[in-house]
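Open the model in a viewer and keep the sequence panel beside it. Each stop below says what to select and what is found there.

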Amino acid sequence: MTIHEFINRSEESFGDKRYSPGQRAAIEAKCWHFTERELNAIYSDLLETCKTLPLVAHIYASARSMNMLERKEFKPHRWQPSDCGLCRGEGRLGIIWRLTFEERPTGVCEIQELTELFQYTKSLQVALKPNHYRSIFRCRCLAGEADTIPKAWPKWSNDSNARREVWL
Ligand SMILES: [Zn+2]
């Protein structure tokens, strides 16, 4: 399974809790390098060992128990500057979202609004304000297809929503 499937299946299988956007972003950022086969094994292990919605620490403890962390070699992402107005050639985007909550007659609604979109390395230099979080995307340009960028990262497109509403 992909990291997104892992997150969704975990939400279905571990009680009635859901991940916050920050927890989701943390899992995406820390766990994208596991292969689909590894994520299957981790998921299966966590079903047996973890009593709560698994967070990064649980996932890493499971991966470590199966010796998955030893042989990870670091593959640096190299890129050439380009005229892409979004990623400038890096292929990776960091997007900063602002979270607000609204009481509606039908319940509480979480609203995620895009506040800034940068090339990823630039986004890391931004100190996050309270209620803001960062998530990673592949750019829609050719640089986003580089093989040093995980295909599991969502791809930013013209149709991507800059404002999302999630019912809690
Ligand atoms: Zn680009």
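Select Arg 134 to begin. This is a predicted model, and in it Arg 134 counts as buried because 20 C-beta neighbours fall inside 10 Å, where 20 or more is the cut-off for that class. The residue belongs to strand 3, which covers residues 132-138. Now show what surrounds Arg 134. Leaving aside residues up to four places away in sequence, Arg 134 touches Ala 25, Gly 94, Ile 95, Ile 96, Ser 123 and Leu 128. For a long view across the model, draw a distance from Arg 134 to Lys 51: the two are 83 residues apart in sequence, and their C-alpha atoms are 28 Å apart in space.

**Strand 1**

Go next to Phe 101, in strand 1 (residues 92-104). Is Phe 101 buried or exposed? Phe 101 counts as exposed, since 12 C-beta neighbours lie inside 10 Å, and 12 or fewer is the limit for that class. Apart from residues up to four places away in sequence, Phe 101 touches Val 108 and Glu 110. Lys 129 is 28 residues from Phe 101 along the chain, and 16 Å separate their C-alpha atoms.

**The loop between helix 4 and strand 1**

Two residues deserve a stop in this loop. Most residues other than glycine have a negative phi. Asn 67 is not a glycine, yet has a positive phi of about 55°. Asn 67 sits in the loop between helix 4 and strand 1 and counts as exposed, with 8 C-beta neighbours inside 10 Å.

Then move on to Arg 88, which is found in the loop between helix 4 and strand 1. Arg 88 has a positive phi of about 60°, and is not a glycine either. Its surroundings place Arg 88 in the partly exposed class, because 19 other C-beta atoms lie within 10 Å.

**Phe 34**

Select Phe 34, in the loop between helix 2 (21-31) and helix 3. Within 10 Å of Phe 34 there are 24 other C-beta atoms, so the residue is buried. Which residues does Phe 34 touch, not counting residues up to four places away in sequence? They are Leu 39, Ile 42, Ala 63 and Met 68. Ala 63 is 29 residues from Phe 34 along the chain, while their C-alpha atoms are separated by 9.0 Å.

**Helix 3 against helix 4**

Ile 42 and Ala 63 also take part in the contact of helix 3 with helix 4. Show helix 3 (residues 36-49) together with helix 4 (residues 56-65): they pack at an angle of about 110°, with axes 10 Å apart. Helix 3 is therefore roughly perpendicular to helix 4. From helix 3, select Ile 42, Asp 45, Leu 46 and Thr 49; from helix 4, select His 58, Ile 59, Ser 62 and Ala 63, which they meet. Colouring the residues of this contact by character gives four nonpolar, three polar and one charged.

Stay on Leu 46, in helix 3. Leu 46 is buried, as 21 other C-beta atoms lie within 10 Å. Beyond residues up to four places away in sequence, Leu 46 touches Pro 54, His 58 and Ser 62. Return from here to Phe 101: Leu 46 and Phe 101 are 55 residues apart along the chain, and their C-alpha atoms are separated by 32 Å.

**The whole chain**

Zoom out and colour by secondary structure. How many helices and strands does the protein chain have? There are five helices and four strands, and along the sequence they follow the pattern α-α-α-α-β-β-α-β-β.

Aligned to the principal axes, the C-alpha atoms of the protein chain fill a box of roughly 50 × 50 × 25 Å. The radius of gyration is 17 Å, which agrees with the value near 15 Å for a compact globule of 168 residues. Buried residues account for 21% of the 168 residues. Among contacts between residues at least 6 apart in sequence, 67% join residues at least 24 apart.

Finish by colouring by pLDDT. The average for the protein chain is 90, and 97% of the residues score at least 70. Where is confidence lowest, and where highest? The lowest mean is 85, in strand 4 (residues 163-167), and the highest is 95, in helix 3.

Notes: Residues numbered from 1 in each chain as written. Predicted model: local features only at pLDDT ≥ 70, side-chain atom pairs only at ≥ 80, totals over all residues. Axes fitted to C-alpha atoms, helices over the stretch in contact; angles between N-to-C directions. Parallel < 35°, antiparallel > 145°, perpendicular 65-115°, else oblique. Contact = placed C-beta atoms within 7 Å. Nonpolar A, V, L, I, M, F, W, Y, C, P; charged D, E, K, R; others polar. pLDDT = per-residue confidence, 0-100. Rg over C-alpha atoms; globule rule 2.2 N^0.38 Å.
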